[in-house]
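Please look through the sequence and the structure below before reading on, and keep both at hand. The paragraphs that follow move from one place to another, so it helps to find each residue as it is named.

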Amino acid sequence: MNLEQIKQSAFKEIEESRDLKSLEGLRIKYLGRKSQLVEILHSLKDVPLNQRQKIGPVANVLKKELDELIKNRKAELREDEGSKKIDLSRPAQKISRGHFHPLTIAEEKICRIFLTMNFSVVEGPEIENEFYNFDALNIPPNHPARDLWNTLWLKTRTDADKTQIDADKTRTKADSVRENLGRNQRQSALLLRTHTSPMQIRYMETHQPPFQIIVPGRVFRYEATDASHEINFYQVEGLMVGSRVSLANFKFIIETFLKKFFGPNIKFRFRPSYFPFVEPGLEVDVWFKDKWLEVMGAGMVARKVFDAVRYNPDQVQGFAFGLGLDRLVKIKYNLPDIRLLYSGDLRFIKQF
Ligand code: PHE
């Protein structure tokens, strides 16, 4: 074959090649060491000069053209083979989106239920002081009831303390209450709130009844942990104050809430209990796995608490409650252990 024939048959075959393997065969056939073209190039040294000058450049150009052609065809075939591997009949892969934590889901659900009963949602600080967390709630220093809340105290006289003190200067009403109680809040130690009840005081200091609020938030206790206890957990405080608020109102609101949250067949009970800031005090239990599980403390706001916020206890009444969000989640989702909620274990979290 002369160069022109080589060119024609090579171009045709390369163009028609259907896969990478046969293309490689063609490369060896036309450009390999034993190919005609390479043989022609090798033999040039033995041919007379005038012929060499004619054939040499043509053969070299052809070699370059074939190189180029094979390279391009190879790229095309690669692309074809790649697309053959995509199986278009396969079902589409689901996009996995993130979602809210079960505690957040439950908190939102609770807020929605209370909003439909005309409650407002407010929030308060996680770093509290002794006055709001204890004293104003009728739990003076050295009162044995303080042992009910194993407290994480913060080191005193930090910068945070000073900021808190500056903020407190604006609260003239709180100042006078403090004087009444014979305590100087400027020395009130800082702590991580052990319950959301301090927001009862903060809210009543700055608002007049009638009102009804709930306060979701994180609380902290210095405690050993077990399946129903964590060192930090969530509560939702409730407070309704007005001129004719009764325990019957409380029972109705809580019954409505529990039935909306768990469904109409939920089994629960009210049981007498004690908290220094309510009188009478009670607890609410929910039937869970053949046992009563306590889910909230509650009661009618004590006169001393109204005193502390300068409400007239002869003119207003109110009820307060503090429910344990983690406990409600435990019951709703049938969890063996509330510590799972804080484990960050995706095998658990992804189930919600
Ligand atoms: N603050 C109480 C607790 O954490 C619960 C409670 C709130 C009780 C409101 C009565 C009224 O245990």
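Where is Ser188 found? In this model, which is predicted, Ser188 sits in the loop that runs between helix H8 (172-180) and strand E3 (190-192). Ser188 counts as buried, because its relative accessibility is 5% and the cut-off for buried is under 20%. Setting aside its neighbours within four places in sequence, Ser188 is in contact with Asn129, Glu130 and Phe131. Two of these contacts can be described in more detail: a polar atom of the Ser188 side chain lies 3.2 Å from the backbone nitrogen of Glu130, and the side chain of Ser188 also reaches the backbone nitrogen of Phe131, at 3.0 Å.

From here we can step back to the whole chain, which is divided into domain 1 (3-84) and domain 2 (102-151 + 194-349). The centres of the two domains, taken over C-alpha atoms, are separated by 85 Å. Lys84, which lies in helix H4 (residues 49-84), gives another view of such distances, since Lys84 and Asn312 are 228 residues apart in sequence and 82 Å apart in space, C-alpha to C-alpha. With a relative accessibility of 64%, Lys84 counts as exposed.

The next place to visit is the ligand, which has 15 residues around it, and of these His195, Ser197, Arg221, Gln235 and Gly322 come nearest. A nitrogen atom of the ligand lies 2.9 Å from a polar side-chain atom of Ser197. On the side of the ligand's oxygen atoms, one oxygen is 2.9 Å from an N or O atom in the side chain of Arg221, and a polar side-chain atom of Gln235 lies 3.0 Å from an oxygen atom of the ligand. Taken alone, the ligand exposes 330 Å², and the protein buries 94% of that area.

His195 deserves a look of its own, and its place is in the loop between E3 and helix H9 (198-206). His195 is buried, with a relative accessible area of 2%, and a polar atom of its side chain lies 3.1 Å from the backbone oxygen of Asn133. Leaving aside neighbours within four places in sequence, the contacts of His195 include Arg221 and Gln235, together with Trp149 and Phe277.

Which residues have the most contacts inside the largest nonpolar core? They are Ile110, Phe114, Phe257, Phe319 and Phe321, in a core of 42 residues. Among the elements that each supply at least two residues of this core are helix H5 (102-116), strand E5 (232-242), helix H10 (247-262) and strand E9 (317-324). Beyond its neighbours within four places in sequence, Phe321 is in contact with residues including Phe114, Ile214, Val236, Phe250, Ile254 and Met296. A second, separate core has 31 residues, among them Ala145, Phe277, Val305 and Ala320.

Finally, the backbone itself has some details to find. A cis peptide bond joins Pro209 and Pro210, with omega about 5 degrees, and Pro210 lies in the loop between H9 and strand E4 (211-220). Another cis peptide bond joins Glu279 and Pro280, where omega is about 0 degrees, and Pro280 is found in strand E7. Lys289, in the loop between E7 and E8, has a positive phi of about 50 degrees although it is not a glycine. Asn334, which is not a glycine either, has a positive phi of about 55 degrees; Asn334 is found in the loop between H12 and H13 and is partly exposed, with a relative accessible area of 46%.

Key: Residues are numbered from 1 along each chain as its sequence is written. This is a predicted model: local features need pLDDT of at least 70, side-chain atom pairs count only at pLDDT 80 or more; totals for chains, interfaces and linings use all residues. Side-chain values use heavy atoms; hydrogens and water are left out. A nonpolar core is a set of buried Ala, Val, Leu, Ile, Met, Phe, Trp, Tyr and Cys residues joined through side-chain atoms within 4.5 Å. Buried means under 20% relative accessible area, exposed over 50%, partly exposed in between (1.4 Å probe, protein chains only). Helices (H or I, at least four residues) and strands (E, at least two) are DSSP runs, numbered from the N terminus. Contact means heavy atoms within 4.5 Å. Domain bounds come from an automatic or database domain assignment. A residue is near a molecule or strand if one of its heavy atoms lies within 4 Å of it. A polar contact is a pair of N or O atoms within 3.5 Å; within protein, one must be able to donate a hydrogen and the other to accept it, and residues adjacent in sequence count only if both atoms are side-chain atoms. Accessible areas come from the Shrake-Rupley method with a 1.4 Å probe; for residues, only the protein chains shown count as cover.
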